Amino acid sequence: SVCLEFRRVLFRSYYNYARSGSPWLTGYHSGVGIDADLGWNPRIYQGIYGLLLSPAKSIFLYNPVLILSLLAAWQFFREKRDSVVRFYIIVPFLFLLFFYSAWWSFCGECAWGPRFLFPAIPFLIIPAAVFIRDFSRKRSWVKIAAVLIISLSLIIQLVSIVVHFKYFYFVLSPYLGTSDITSAQALRLDYQPVLSQFVIFYRAF
């Protein structure tokens, strides 16, 4: 798998060089307040906040079940001492988090949630299995909260599928001047699409 990834990186670098004259120019760069060649944002802390806690692109907002994973993480890693399991849960997530937090568009623009972190989500959900395993031993209010969190996670995925999520951005486009959302707007509560998606879903039916 390492060899395949290395070949992919080489191919992508060659493609960038053939198209733009540099292996580093991917086509996703801008000259507004960032490095116009590489597209890196020096304010990496904004990207980390945006991907984890912002009102429009937080990974927990679109996947509330990850809250259960967070609560069960300490017990999970204490029981599972297999370094391979730890690697696949921790390393891909941290790599994607820090890499794209430094990218000029950490939010992934017009997308349902933090799309750059999507490859890590299946692995991040794994620690929640410990929480579910010990579900019967939890207090009543914890059980109720867990059921609500899991239900909410499923409903959020449902409304994003039944009604196209881009409708929200198309409604905003006259005010944005575009149907995309910038990283700065992703940090603002008034550009938070999840609640609006529920409203659109309700009106559609």
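How many salt bridges does a search of the whole structure find? Three, counting a side-chain nitrogen of Lys or Arg within 4 Å of a carboxyl oxygen of Asp or Glu.

A word on the ground rules. This is a predicted model, where local features need pLDDT of at least 70 and side-chain atom pairs count only at pLDDT 80 or more, while totals for chains, interfaces and linings use all residues. Residues are numbered from 1 along each chain as its sequence is written, and side-chain values use heavy atoms, with hydrogens and water left out.

**Exercise 1. Trace the salt bridges and say which residues they join into one network.**

Step 1: start with Arg133 and Glu79, whose side chains meet at 3.1 Å, N to O. Arg133 sits in helix α7 (residues 128-133) and Glu79 in helix α4, so this pair ties together parts 54 residues apart in sequence. Helices here are DSSP runs (H or I, at least four residues), numbered from the N terminus.

Step 2: move on to Asp134, which forms a salt bridge with Arg133, the closest N and O atoms being 3.0 Å apart.

Step 3: Asp134 also pairs with Arg137, at 2.7 Å from N to O. Shared partners thus link Glu79, Arg133, Asp134 and Arg137 in one network.

Step 4: check accessibility, where buried means under 20% relative accessible area, exposed over 50% and partly exposed in between (1.4 Å probe, protein chains only). Asp134 is buried at 6%, Arg137 is exposed at 64%, and Arg133 is partly exposed at 47%. Glu79, at 35%, is partly exposed too.

**Exercise 2. Work out how α8 and α11 pack.**

Step 1: take the angle and the distance. Helix α8 (residues 140-162) and helix α11 (residues 193-204) pack at about 60°, axes 10 Å apart. Axes are lines fitted to C-alpha atoms, for helices over the stretch in contact, and angles run from 0 to 180 degrees between N-to-C directions.

Step 2: classify. The two helices are oblique to each other, given that under 35 degrees is roughly parallel, over 145 roughly antiparallel, 65 to 115 roughly perpendicular and the rest oblique.

Step 3: list the contacts (heavy atoms within 4.5 Å). Ile155, Ile156, Val159, Ser160 and Val162 in α8 meet Val194, Gln197, Phe198 and Phe201 in α11.

**Exercise 3. Is Asn63 buried or exposed, and what does Asn63 touch?**

Step 1: find Asn63 in the loop between α3 (59-62) and α4 (66-79).

Step 2: at 12% relative accessibility, Asn63 counts as buried.

Step 3: leaving aside neighbours within four places in sequence, Asn63 contacts Ile121, Ser153 and Gln157.
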